[in-house]
Amino acid sequence: WDTMLPVLPQLVVSGIAIGMLYALIALSMTILYRATTVVNFGHGDLVMLGAYTLFILSPMVTFNITLESSALSSLVSFVPPFLVALILSLCVLFAMGYIIHRVFIWPILKGPHLSLALMAIAIGYAVRGVIRKEYGKEILQMPRPFPEQEFEVFNWGGIGTYMTLDEIIFCGVVIVMLLISYIVFYKTRFGQIVQATFQTQRGSSLVGINVMHYNNLIWGVGCSLGALGGVMLGLALALDPDVGVWTLLRGFAAMTLGGFGSLYGAVIGGLIIGILEKVLGVFISTAFIEITCYLVIILVLLIRPKGLFGQHATLRI
């Protein structure tokens, strides 16, 4: 323990960084839940699809930039090809989310909860099957938009604690997305409408709210946000078709711990799980890196089913 204790600050910092990725996945799932009270168990595969979409689009965007006119080249020089591909990927996943809700979820929304869960899982498996058919189980590496660097964030007793540029960007993106989500949901009319549908969809429709339209939009936004998490995950880890399962479990655990429907709860839950994975994995056993999310789900459901900051609403899984 005496030899391992000095690495604790580095483990906490690394846990915060990976926890930010879990938080972003949980945040995207929470946004979907706030709109429809449906937990999308196929969300992890849509996160994976976002990363693969950017992987596919990046070389296309780069190739097109080399062929454009000089006037357009000067304009594009202000927008890196990676950012162009990222924006296109988010648009693709927005459309996917919109269509999935409108075509597959909305028609059965009033049906048994089990049918919603099976539909979400089936869509996730279909997406994974398409990617696996194209790439098999090949491990891919996301093109990097910036160099690999690390910075010392603080020094404790002569032992430096470092964060990579990737990790700093992850933290910044999640904080910005949380602030934007808070403003949209709590400070705008759109957010008030979404909160109304979260409390009662039937009541909202009776006062003239087009519930289906707003739910379609929220599913599009939630899938885009999940795709952003998938892109960042692709920068930190290698890509393979099964990465969606890995992300879904951690995102769901963070959402469960933070509380269904709570935006800041999703972020706090992701941070706690990220730190626990790192600390328990080093101080007790590396097995905890894989099983921490399961243990968190079990303990939270037994001790505090609504999570740390959960809200009361009808849950559709």
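Here is a short chat about this predicted model, going from the whole chain down to single residues.

Reader: What is the mean pLDDT of the protein?

Author: Start with the spread: 90% of the residues reach 70 or more. There are weak spots, though, since pLDDT is below 50 over residues 67-79 and stays under 50 over residues 313-317. Taken over the protein, the mean pLDDT is 83.

Reader: How many helices and strands does the protein have?

Author: Walk along the sequence and you get the pattern α-α-α-α-α-β-β-α-α-α-α-α-α-α. One of the strands is E1, residues 150-156, where Asn155 sits. The count comes to 12 helices and 2 strands.

Reader: What share of the residues is buried?

Author: The cut-off to keep in mind is that buried means under 20% relative accessible area. The protein has 317 residues and exposes about 15200 Å², with carbon and sulfur atoms supplying 71% of that area. Of the 317 residues, the buried share is 47%.

Reader: Is His43 buried or exposed?

Author: His43 lies in helix H2, residues 43-67. Leaving out residues up to four places away in sequence, it touches Ile25, Ser28, Met29, Leu32, Gly222, Cys223, Gly226 and Leu248. Its relative accessible area is 0%, so His43 is buried.

Reader: Which residue forms a salt bridge with Asp45?

Author: A search of the whole structure turns up 4 salt bridges, and Asp45 takes part in one of them, with the closest N and O atoms 2.9 Å apart. Asp45 lies in helix H2 and its partner in helix H5, so the pair ties together parts that are 83 residues apart in sequence. Both residues are buried. The partner is Arg128.

Reader: How far apart in sequence are Arg132 and Asp242?

Author: These two form a salt bridge as well, with their closest N and O atoms 2.3 Å apart. Arg132 is partly exposed at 32%, and Asp242 counts as partly exposed at 28%. Arg132 is in helix H5, while Asp242 is in the loop between helix H9 and H10, and their separation is 110 residues.

Reader: Which residues are linked with Arg250 in a network of salt bridges?

Author: Begin with Glu277, which pairs with Arg250 at 3.0 Å between the closest N and O atoms. Glu277 lies in helix H11 and Arg250 in helix H10, so the pair ties together parts 27 residues apart in sequence. Glu277 is buried at 4% relative accessible area, and Arg250 counts as buried at 1%. The residues linked with Arg250 in the network are Glu277 and Glu290.

Reader: Which helices do the buried residues of H12 pack against?

Author: First pick out the buried residues in H12: Phe288, Thr292, Cys293, Val296, Ile297 and Val300. These buried residues pack against helix H10 (243-258) and helix H11 (263-283).

Reader: How much accessible area does the nonpolar patch with Ile291 have?

Author: Ile291 lies in helix H12, residues 288-303. Patch residues need over 30% relative accessible area, and Ile291 is partly exposed at 34%. It forms the patch with Tyr294, Leu295, Ile298, Leu299, Leu302 and Ile303. Together they have about 710 Å².

Reader: How far apart in space are Asn155 and Pro9?

Author: Asn155 counts as partly exposed, at 47% relative accessibility. In sequence, Asn155 and Pro9 are 146 residues apart. In space, C-alpha to C-alpha, the distance is 9.3 Å.

Terms used:
Residues are numbered from 1 along each chain as its sequence is written. This is a predicted model: local features need pLDDT of at least 70, side-chain atom pairs count only at pLDDT 80 or more; totals for chains, interfaces and linings use all residues. Side-chain values use heavy atoms; hydrogens and water are left out. Patches are made of residues with over 30% relative accessible area and no salt bridge: like charges are joined within 9 Å, nonpolar side chains (Val, Leu, Ile, Met, Phe, Trp, Tyr) within 5 Å. Accessible areas come from the Shrake-Rupley method with a 1.4 Å probe; for residues, only the protein chains shown count as cover. A salt bridge is a side-chain nitrogen of Lys or Arg within 4 Å of a carboxyl oxygen of Asp or Glu. Helices (H or I, at least four residues) and strands (E, at least two) are DSSP runs, numbered from the N terminus. Buried means under 20% relative accessible area, exposed over 50%, partly exposed in between (1.4 Å probe, protein chains only). pLDDT is the predictor's confidence in each residue, from 0 to 100. Contact means heavy atoms within 4.5 Å.
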